[in-house]
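Student: Could we examine how the descriptive terms applied to a model follow from their definitions?

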Amino acid sequence: EKGGWASFMDKEIHEQPQAVADTLLGRFNLTGDLNLDEVRIDEDVFRSIDKIIVIACGTAAYAGMVAKYAIEHWVRIPVEVELAHEFRYRDPILTPRTLVVAISQSGETMDTLMALRHAREQGSRVLAICNTQGSSIPRESDAVLYTHAGPEIAVASTKAFVAQIVAAYVLGLYFAQVKGTMYHDEIRKIVDELRAMPAKIQHVLDTQGESVREAAEHSLDAESFLFLGRHVGYPVAMEGALKLKEIAYTFTEGFAAGELKHGPIALVDEGEPVVIIVPPARGRNVLHAKVISAIEEVRARGAYTIAVAEEGDDDVRDYADVVFWRPQCPTLLSPLVDVIPLQLFAMNMAELKGLDVDKPRNLAKSVTVE
Ligand code: M6R
């Protein structure tokens, strides 16, 4: 039941600290080593994997995109991410050394199920990242890593998304451990950072509501929105855009900020709301300056700029009309906090428009047809 919350989506957004904590629970021993016995694939098999292909749809595919950045960086093997329905019908290259990772909240998405069957027929192993115990996708996979987000009722996925990202990090760190691509201490440090994420998500939930409301009220009549980000901010931008399409019925376009000058900037006109995910400035991050200049560019053309940025990032203040602040965290983990205000933003927009937040028109919670 909804408890005291206005909607299931509202409740589920606020359950995200728990979803992250629960998905991490029991997966590390006291010395910080990962223990994925539940997965039931031999360490030797993991060692032999030379390519990962993530298949998923919608929000789950954006979680897969985040996974790509992290896993390639940690494990140094190529990770492709493909929409399951595209993967299934294009004769993909699959070998016994390919691990296909099927990500699905419901475990019943037909597009993903058909794609995983195809991968197994071609001789690849399939590992499911799934939130629903005993559903079709984990049942038909070689192995499963469950997310522990609890039942997700609202059509717009929120807590399942962060839990999928966490499960993918766990998988990546496990790979790094068995393949020896990272030192024990490095893995340990990331595990500690991951354990600190629930409190950081809670902090965003506790502090950013007012700015989110302000931005939603200001842009309520906008006909379209642009969302942009780079690196892991790119899938977060895509996810923020999808949320707004689904529940506020607003035309949105999410894209990589570097593409702006290759076309989309032509869309920017006076008053156009543009949401930008700003990477941390720390650690001499070269992308920070590039994203700041993207904000400058759209601002100069009259855009209403909404930034998601790290606390203490003073460069942002000069160019953003509103800033949703996130606490400091490693760049690769930042999607877990950056997506939160975007979910709240979409929910606020839908509420202000008087729409049914939990049951948007034309959509089903799980898409069981191809
Ligand atoms: O149950 P699944 O994770 O397989 O569902 C995949 C998509 O249908 C789902 O994420 C959809 O995009 C959501 N409604 C997004 O909020």
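**Terms and their criteria**

Tutor: Strand β9 (residues 304–310) and β10 run parallel and are joined by 5 bridges. The model is predicted: local features need pLDDT of at least 70 and side-chain atom pairs pLDDT 80 or more, whereas totals for chains, interfaces and linings use all residues. Residues are numbered from 1 along each chain as its sequence is written, and side-chain values use heavy atoms, leaving out hydrogens and water.

Student: What makes β9 and β10 a pair?

Tutor: Two strands pair if DSSP finds at least two bridges between them; β9 and β10 have 5, so the criterion is met. Strands themselves are DSSP runs of E with at least two residues, and helices are runs of H or I with at least four, numbered from the N terminus. One bridge partner of Glu 310 is Arg 326, in β10.

Student: Why is Glu 246 called buried?

Tutor: Its relative accessible area is 14%, and buried means under 20%, exposed over 50% and partly exposed in between, with a 1.4 Å probe and protein chains only; Glu 246 is therefore buried. Glu 246 is located in helix α12 (residues 233–248).

Student: Why is α2 called roughly parallel to α8?

Tutor: The axes of α2 (residues 16–24) and α8 (residues 159–179) cross at roughly 25 degrees and come within 9 Å. Angles under 35 degrees count as roughly parallel, over 145 as roughly antiparallel, 65 to 115 as roughly perpendicular and the rest as oblique, so α2 is roughly parallel to α8.

Note on methods:
Axes fitted to C-alpha atoms, helices over the stretch in contact; angles between N-to-C directions.
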